[in-house]
Amino acid sequence: MGDDTWEGLFPQTFNKSFPFPSFNVKDLHTVDNGVIQHLVPELKLRDWDVLIAHFLGVDHCGHKYGPNHPAMADKLKQMNQVIR
């Protein structure tokens, strides 16, 4: 789930997939929100051997604004909440 590059690199490899467009560096939220939407329900199913949750917001934010921008603090806070 997340970065749609996985589908491009490994077509028809995954039993289930939730890809989101990943090349718009200005978009800090679409991929992350998509992963967040699917992550907990998929973790609860336990019908997987490997689960990939590829967030991009922090990376995109770093490229667009740098590490000290308020948007970076927001993305890092969001990721901390997801991990908790």
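Which residues in H3 meet which residues in H4? I will answer that and then work outwards. Keep in mind that this is a predicted model.

On the H3 side there are Gly57, Val58, Cys61 and Gly62, and they meet Ala71, Met72, Lys75, Leu76 and Met79 in H4. Sorted by class, the residues of this contact are six nonpolar, two polar and one charged. The axes of the two helices come within 9 Å and cross at roughly 170 degrees. Angles over 145 degrees count as roughly antiparallel, and H3 and H4 are therefore roughly antiparallel to each other.

Stay with H3, which covers residues 57-64. Its buried residues include Gly57, His60 and Cys61. Why do they lie on the same side of H3? Because they cover an arc of only 100 degrees around the axis. The general background is that an α-helix has 3.6 residues a turn, so residues three or four places apart point the same way. As for what covers the buried residues of H3, H2 and H4 are included. After H3 comes Gly66, with a positive phi near 95 degrees.

Next, the pair H2 and H4. Their axes come within 12 Å and cross at roughly 10 degrees. Under 35 degrees counts as roughly parallel, so H2 and H4 are roughly parallel to each other. H2 contributes Asp32, Asn33, Ile36 and Leu39 to the contact, and H4 contributes Lys75, Gln78, Met79 and Val82. By class, that contact has four nonpolar, two polar and two charged residues.

Now the core. Which six residues make up the largest nonpolar core? They are Met1, Phe20, Val31, Val35, Leu39 and Leu56. Helix H2, residues 30-45, gives the most to this core, with three residues. Phe20, one of the core residues, is in contact with Thr30, Val31, Gly34, Val35 and His38, among others. Gly2, Asp3 and Asp4 are also among the contacts of Phe20, once its neighbours within four places in sequence are left aside.

Last, Pro19, which is found in strand E2, residues 19-20. Is Pro19 buried or partly exposed? Pro19 is partly exposed, because its relative accessible area is 40%, and the partly exposed range runs between 20% and 50%. Not counting residues up to four places away in sequence, Pro19 touches Gly2, Asp4 and Glu7. Pro19 and Ala53 are 34 residues apart in sequence, and their C-alpha atoms are 10.0 Å apart in space.

How values were computed: Residues are numbered from 1 along each chain as its sequence is written. This is a predicted model: local features need pLDDT of at least 70, side-chain atom pairs count only at pLDDT 80 or more; totals for chains, interfaces and linings use all residues. Side-chain values use heavy atoms; hydrogens and water are left out. A nonpolar core is a set of buried Ala, Val, Leu, Ile, Met, Phe, Trp, Tyr and Cys residues joined through side-chain atoms within 4.5 Å. Buried means under 20% relative accessible area, exposed over 50%, partly exposed in between (1.4 Å probe, protein chains only). Helices (H or I, at least four residues) and strands (E, at least two) are DSSP runs, numbered from the N terminus. Contact means heavy atoms within 4.5 Å. The arc is that of the directions from the helix axis to the C-beta atoms. Axes are lines fitted to C-alpha atoms, for helices over the stretch in contact, and angles run from 0 to 180 degrees between N-to-C directions. Angles under 35 degrees count as roughly parallel, over 145 as roughly antiparallel, 65 to 115 as roughly perpendicular and the rest as oblique. Ala, Val, Leu, Ile, Met, Phe, Trp, Tyr, Cys and Pro count as nonpolar, Asp, Glu, Lys and Arg as charged, and the others, Gly among them, as polar.
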